[in-house]
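Hi everyone, thanks for making time. I'll walk you through one structure today, and you can follow along on the screen.

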Amino acid sequence: GVSRRGIRGNFVPPIKSSGNGGGNVTSRTAGKGEDALDDSTKRCMELLCGPDGELPEKLRNLEPRLIEHVSNEIMDRDPNVRWDDIAGLEHAKKCVTEMVIWPLLRPDIFKGCRSPGRGLLLFGPPGTGKTMIGKAIAGEAKATFFYISASSLTSKWIGEGEKLVRALFGVASCRQPAVIFVDEIDSLLSQRKSEGEHESSRRLKTQFLIEMEGFDSGSEQILLIGATNRPQELDEAARRRLTKRLYIPLPSSEARAWIVQNLLEKDGLFKLGKEDIGTICKLTEGYSGSDMKNLVNDASMGPLREALKQGIEITKLKKEDMRPVTVQDFENALQEVRPSVSANELGTYEEWNNQFGSLA
Ligand code: ADP
């Protein structure tokens, strides 16, 4: 059972201030008597109050500082990623649009036979755009985006992860439609251990599954997206709740070309010909999206380094003094930036996709 009151620091339901007709949260902390919350916490709690100036039921027994942390650090009001920012992954985009964006936009249509799963798993190598997809979903569905890395629940919030999870789902339910993105979800829902498993991490996992169950059955407009690059660590219970599982693979050759062109164009540095781009694509087989980004960053330093080598001082350097970025710059950068995913790992993803992936 959940104790309703009395843990030190628990939030006590707001008392309307008599002066200005409500909307104002005043509170004290249990066990601390008259201690008031500091201003930023108070403001944050006020924002979560309903039109009646009352804090929603779900948040009443949670600690204000955790609610504040969720509102300020985990909630992202403007994720600012659009579909068009994501290279390739046409298949994933199409699936996601049907499976989760439409249902979030039209809950009235997506019920009964059409009722969507509330859990989506994005798996694949690191740096392939999983987080970008999560943010873009929130943007397209006009939903509030919450981002948390599961490993921070066990490392940074030692012993408090459970409470933070409650606060996270509580705030999300006040901010519907909502997308909760849990990065490295394997570290939360893994099948490893049992014996060596700490009591606290077991409780955290249980709490998390309970929260998921809660909105799965209800009419809430909350989508949970888990991302992982170790899908094989997920246990059966986790798979059951993450009903849609999409493989987010390494970028294709066209997607890599697009990333290079897009990043250089943004800075007005794009002067490469078709053939050059072709060469770069050939040389970057196996590079992830984030590897490509690092590669472009490094390559774009080439002209600058060269200008400085010729004796121009950095403070006197004019942009016109720098030549455009060339294939040679990319070839040099390739020595510095190596692909971060091995062919071996890729095999594991494909196997898991064949076994558990949606629409494999
Ligand atoms: P992860 O799959 O690990 O969540 P991210 O979505 O965080 O990867 O991507 C990291 C960075 O790599 C992005 O900010 C972006 O710059 C680049 N990137 C990765 N995949 C793509 C992609 N498909 N299109 C464009 N940029 C990408």
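I'll start with the overall picture, then go to the sheet, the core and the ligand.

One thing up front: this is a predicted model. So, what is it built from? The protein has 14 helices and 8 strands. Of its 360 residues, 37% count as buried. And here's a number about how the chain folds back on itself: take the contacts with a separation of 6 or more, and 78% of them come from residues 24 or more positions apart.

Okay, the sheet. Six of the strands make an open sheet, and if you read across it you get β3-β5-β6-β7-β4-β8, with mixed pairing. Which strands sit at the edges? Those are β3, residues 75–76, and β8, residues 244–247, and each of them pairs on one side only.

Let's zoom in on β5, because you can see both kinds of pairing there. On one side, β5, residues 144–149, runs parallel to β6, residues 178–183, and the two share 6 bridges. If you want a pair to click on, Ile148 has Val182 in β6 as its bridge partner. With β3, on the other hand, β5 pairs in the antiparallel sense, over 2 bridges. There, look for Asp76, which stands opposite Phe145 in β5. Is β5 mostly covered or mostly open? Mostly covered: 5 of its 6 residues are buried.

That brings us to the core. The largest nonpolar core has 79 residues, and the ones with the most contacts inside it are Phe146, Leu168, Val179 and Ile180. Helix α6, residues 161–174, gives the most to this core, with 7 residues.

Now find Phe146. What does it touch, if we skip residues up to four places away in sequence? The list is Ile74, Met75, Leu168, Ala172, Ala178, Val179, Ile180 and Phe181. You'll recognise Leu168, Val179 and Ile180 from the core a moment ago.

Last stop, the ligand. How many residues surround it? There are 18, and the closest are Gly129, Lys130, Thr131, Gly289 and Ser290. The elements that give two or more residues to this shell are three helices: α4 (130–140), α9 (253–266) and α11 (289–299). By class, the shell splits into 9 nonpolar, 7 polar and 2 charged residues.

So if you open the model later, try starting at Phe146 in the core, and then go over to Gly129 and Lys130 by the ligand. That's it from me, happy to take questions.

Definitions and conventions: Residues numbered from 1 in each chain as written. Predicted model: local features only at pLDDT ≥ 70, side-chain atom pairs only at ≥ 80, totals over all residues. Helix = DSSP H or I, 4+ residues; strand = E, 2+ residues; numbered from the N terminus. Buried ≥ 20, exposed ≤ 12 C-beta atoms within 10 Å, placed from the backbone. Contact = placed C-beta atoms within 7 Å. Near = placed C-beta within 6 Å. Nonpolar A, V, L, I, M, F, W, Y, C, P; charged D, E, K, R; others polar. Core = buried A, V, L, I, M, F, W, Y, C linked by C-beta atoms within 7 Å. Pairing = 2+ DSSP bridges.
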